[in-house]
Amino acid sequence: MEDVTGFFNQPKIHQTEQDGPTPKLDDWIELVIGNRVVISGVINNHPNYENGQRIVTSSLQGYKTSADGKVHAKTKRSRYELGQRLSEYDAQQLSAARNSFEKVFAPGKKTIC
């Protein structure tokens, strides 16, 4: 029997990091829930969501700037390129972000991704 220990010790690669371009969030805003921070944003290039759909991420683990100057947000399971931040003066988009937050974090619900 072959030793398969190396196979099980390989780093896990998540689908969003492995296939195609990194999903991008535009019109994004951070939302604070207790001691957690999530992002509500309009997603593009995600294998599981339609382009233009507003999502709420799971808890943020951190941010990183790539060599080309793009900023990425990292959650436990995903990585997102951050595009245009939501202007606090764009009342319609801010309302959509808050509504997506309320839908996701209603009692008994979990984050979208």
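## Group meeting talk: strands, cores and salt bridges

Let's start with a strand pair. Strand S4, residues 60-65, and S5 run antiparallel, with five bridges joining them. Keep in mind that this is a predicted model.

Look at the pairing in detail. Leu60 has Thr75 in S5 standing opposite. The S4 and S5 hairpin has five residues between its strands. Within this hairpin, Gly69 takes a positive phi near 90 degrees.

Now move along to S6. S5 pairs with S6 over four bridges, again in the antiparallel sense. Three residues make the hairpin connection from S5 to S6. Two partners are worth finding on your screen. Val71 has Leu82 as its bridge partner in S6. Ala73 stands opposite Tyr80, also in S6.

What about S1 and S6? That pair is parallel, over two bridges. Here Lys24 has Glu81 in S6 as its bridge partner. So S6 is worth following by eye: antiparallel with S5, parallel with S1.

Let me step back to the whole chain. There are three helices and six strands. In sequence order the pattern reads α-α-β-β-β-β-β-β-α. The protein has 113 residues, and 32% of them are buried. Take the contacts with a separation of 6 or more: 43% of them are between residues 24 or more positions apart. The accessible surface is about 7700 Å². Carbon and sulfur atoms account for 49% of that surface.

Next, the inside. Which residues make up the largest nonpolar core? There are 10 in all: Leu25, Trp28, Ile39, Ile43, Tyr49, Ile55, Leu60, Ala73, Tyr80 and Leu82. Three elements give two or more residues to this core: strand S1 (24-33), strand S2 (36-44) and strand S6 (79-82). You have met some of these names already. Leu60 is the residue opposite Thr75. Ala73 and Tyr80 face each other across S5 and S6, and both belong to this core.

There is also a second, separate core of five residues. Ile29, Leu31, Val38 and Val56 are among its members.

Back to Leu25 in the largest core. What does Leu25 touch, leaving out residues up to four places away in sequence? The list is Ile39, Gly41, Val42, Ile43, Ile55, Thr57, Tyr80, Glu81, Leu82, Gly83 and Gln84. Several of those, including Ile39, Ile43, Ile55, Tyr80 and Leu82, are core members too.

Now the outside. Val32, Val37, Tyr63 and Val71 form a nonpolar surface patch. Together they have about 330 Å² of accessible area. Take Val71 from that group. Val71 sits in strand S5, residues 71-75. Why is Val71 called partly exposed? Its relative accessible area is 32%, and partly exposed covers values between 20% and 50%. Its bridge partner, Leu82, is a member of the largest core.

On to charges. How many salt bridges does the structure hold? Two. One is between Arg85 and Glu30, with the closest N and O atoms 2.4 Å apart. This pair links distant parts of the chain, 55 residues apart. Arg85 is in the loop between S6 and helix H3 (91-104). Glu30 is in strand S1. Both ends are partly exposed: Arg85 at 38% relative accessibility, Glu30 at 28%.

The other joins the side chains of Asp68 and Lys70, at 3.9 Å from N to O. Buried or exposed for Asp68? Exposed, because its relative accessible area is 53%. Lys70 is partly exposed, at 37%.

Last, two backbone angles to check. Asp27 has phi near 45 degrees, a positive value in a residue other than glycine. Asp27 is in strand S1. Asp27 is partly exposed, with a relative accessible area of 25%.

Asn45 also has a positive phi, near 65 degrees, and is likewise a residue other than glycine. Where is Asn45? In the loop between S2 and strand S3 (54-56). Asn45 counts as partly exposed too, at 40% relative accessibility.

To close, three places to look at. Start with Leu25 and the core residues it touches. Then go to the Arg85 and Glu30 salt bridge. Finish at the surface patch of Val32, Val37, Tyr63 and Val71.

Note on methods. Residues are numbered from 1 along each chain as its sequence is written. This is a predicted model: local features need pLDDT of at least 70, side-chain atom pairs count only at pLDDT 80 or more; totals for chains, interfaces and linings use all residues. Side-chain values use heavy atoms; hydrogens and water are left out. A nonpolar core is a set of buried Ala, Val, Leu, Ile, Met, Phe, Trp, Tyr and Cys residues joined through side-chain atoms within 4.5 Å. Buried means under 20% relative accessible area, exposed over 50%, partly exposed in between (1.4 Å probe, protein chains only). Contact means heavy atoms within 4.5 Å. Patches are made of residues with over 30% relative accessible area and no salt bridge: like charges are joined within 9 Å, nonpolar side chains (Val, Leu, Ile, Met, Phe, Trp, Tyr) within 5 Å. Accessible areas come from the Shrake-Rupley method with a 1.4 Å probe; for residues, only the protein chains shown count as cover. A salt bridge is a side-chain nitrogen of Lys or Arg within 4 Å of a carboxyl oxygen of Asp or Glu. Two strands pair if DSSP finds at least two bridges between them.
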